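Visitor: I would like to go through this structure term by term. Please set each value against its definition.

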Amino acid sequence: MRYGPERWLACHHCSGALRFRALLQVDARLAQLWSDGYVDSPSVPEQPLVVACGHCQGAVWLPELADAPCCDGVDYRALTEEELWTLAEAFGEAPSEHQLHVRLRLWQLANHRHRRGESQVIWSDRERHNLEKILSLLDLSCTTEVMTAVEVSRQLGMFNQALGLLVRLEGELPAALVTEVEQRLKDRDSRVFCFRANGEAGHERSG
């Protein structure tokens, strides 16, 4: 891994300085890509976009912070899962890229408990509502977001809807991936799965 120079960013809530170093280069050869977009890698630390200010604990979006005028501050911290739920609820009905990002992250966290399991997924009421909300926020003119819609629909058990969306992706994505998803739809399998960089679908399936 290679990091950029240390910078100081100003919290837009309290103006406190936050220490920040951008990750410039990583070795992703051992990374695993999951069907919900989660990247699992022993050598690549997660780089959150939204964090808690180390001073006031308010949620801040790192790419939107201006440089702080001083270089005497503290580290930010990752938001807890409950803080992410609170943030998602605070967005209300107004669609935004921020809300979509937070809700996608909550989807991935919900899938964490299923990534190595064998039984089918059973969602809590708020997890199911979160997935339904993601569907309403996606831009179906964008290939990557159509793929997200396929996977959300599949994990919700909406197999016919997912298959209809998957048809749009023929020729846009690797054939092996499309075939893997299509087979899982035919099997009515709602489990998250690992898709390796070499183009082969993994057998680690969720519960």
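Guide: We can start with a helix contact: Val146, Ala149, Val150, Ser153 and Arg154 in helix 4 meet Phe159, Gln161, Ala162, Leu165 and Leu166 in helix 5. Contact here means heavy atoms within 4.5 Å. By class, this contact has 7 nonpolar, 2 polar and 1 charged residues. Ala, Val, Leu, Ile, Met, Phe, Trp, Tyr, Cys and Pro count as nonpolar, Asp, Glu, Lys and Arg as charged, and the others, Gly among them, as polar.

Visitor: On what footing do these values stand?

Guide: This is a predicted model, in which local features need pLDDT of at least 70 and side-chain atom pairs count only at pLDDT 80 or more, while totals for chains, interfaces and linings use all residues. Residues are numbered from 1 along each chain as its sequence is written, and side-chain values use heavy atoms, with hydrogens and water left out.

Visitor: What makes a stretch a helix or a strand?

Guide: Both are DSSP runs, numbered from the N terminus: helices are H or I with at least four residues, strands are E with at least two. Helix 4 covers residues 143-155 and helix 5 residues 159-167.

Visitor: Why are helix 4 and helix 5 called roughly antiparallel?

Guide: They pack at an angle of about 160°, with their axes 8 Å apart. Axes are lines fitted to C-alpha atoms, for helices over the stretch in contact, and angles run from 0 to 180 degrees between N-to-C directions. Angles under 35 degrees count as roughly parallel, over 145 as roughly antiparallel, 65 to 115 as roughly perpendicular and the rest as oblique. Helix 4 and helix 5 are therefore roughly antiparallel.

Visitor: Why is the pair of helix 2 and helix 4 called oblique?

Guide: Helix 2 (residues 97-112) and helix 4 pack at an angle of about 45°, with axes 13 Å apart. Helix 2 and helix 4 are therefore oblique to each other. Leu100, Leu104, Trp107 and Asn111 of helix 2 make the contact with Glu145, Thr148, Glu151, Val152 and Gln155 of helix 4. Its classes are 4 nonpolar, 3 polar and 2 charged residues.

Visitor: What makes strand 8 an edge strand of its sheet?

Guide: The open sheet has 3 strands in the order 8-7-10, with antiparallel pairing. Strand 8 (59-61) and strand 10 (77-78) each have a single partner strand, so one side of each is left without a neighbour in the sheet.

Visitor: How do you know that strand 7 and strand 8 pair?

Guide: Two strands pair if DSSP finds at least two bridges between them. Strand 7 (residues 50-52) is joined to strand 8 by 3 bridges, and Val51 stands opposite Val60 in strand 8.

Visitor: How do strand 3 and strand 9 run?

Guide: Strand 3 (residues 17-20) and strand 9 run parallel, joined by 2 bridges. Arg19 stands opposite Asp75 in strand 9. These strands belong to an open sheet of 3 strands in the order 2-3-9, with mixed pairing.

Visitor: Why is the contact of Arg115 and Asp36 called a salt bridge?

Guide: The term requires a side-chain nitrogen of Lys or Arg within 4 Å of a carboxyl oxygen of Asp or Glu. The side chains of Arg115 and Asp36 meet at 2.7 Å, N to O, and the pair therefore satisfies that rule. Arg115 lies in the loop between helix 2 and helix 3 (125-137), and Asp36 in the loop between strand 5 (32-34) and strand 6 (39-40), 79 residues apart. By this rule the count comes to 12 salt bridges.
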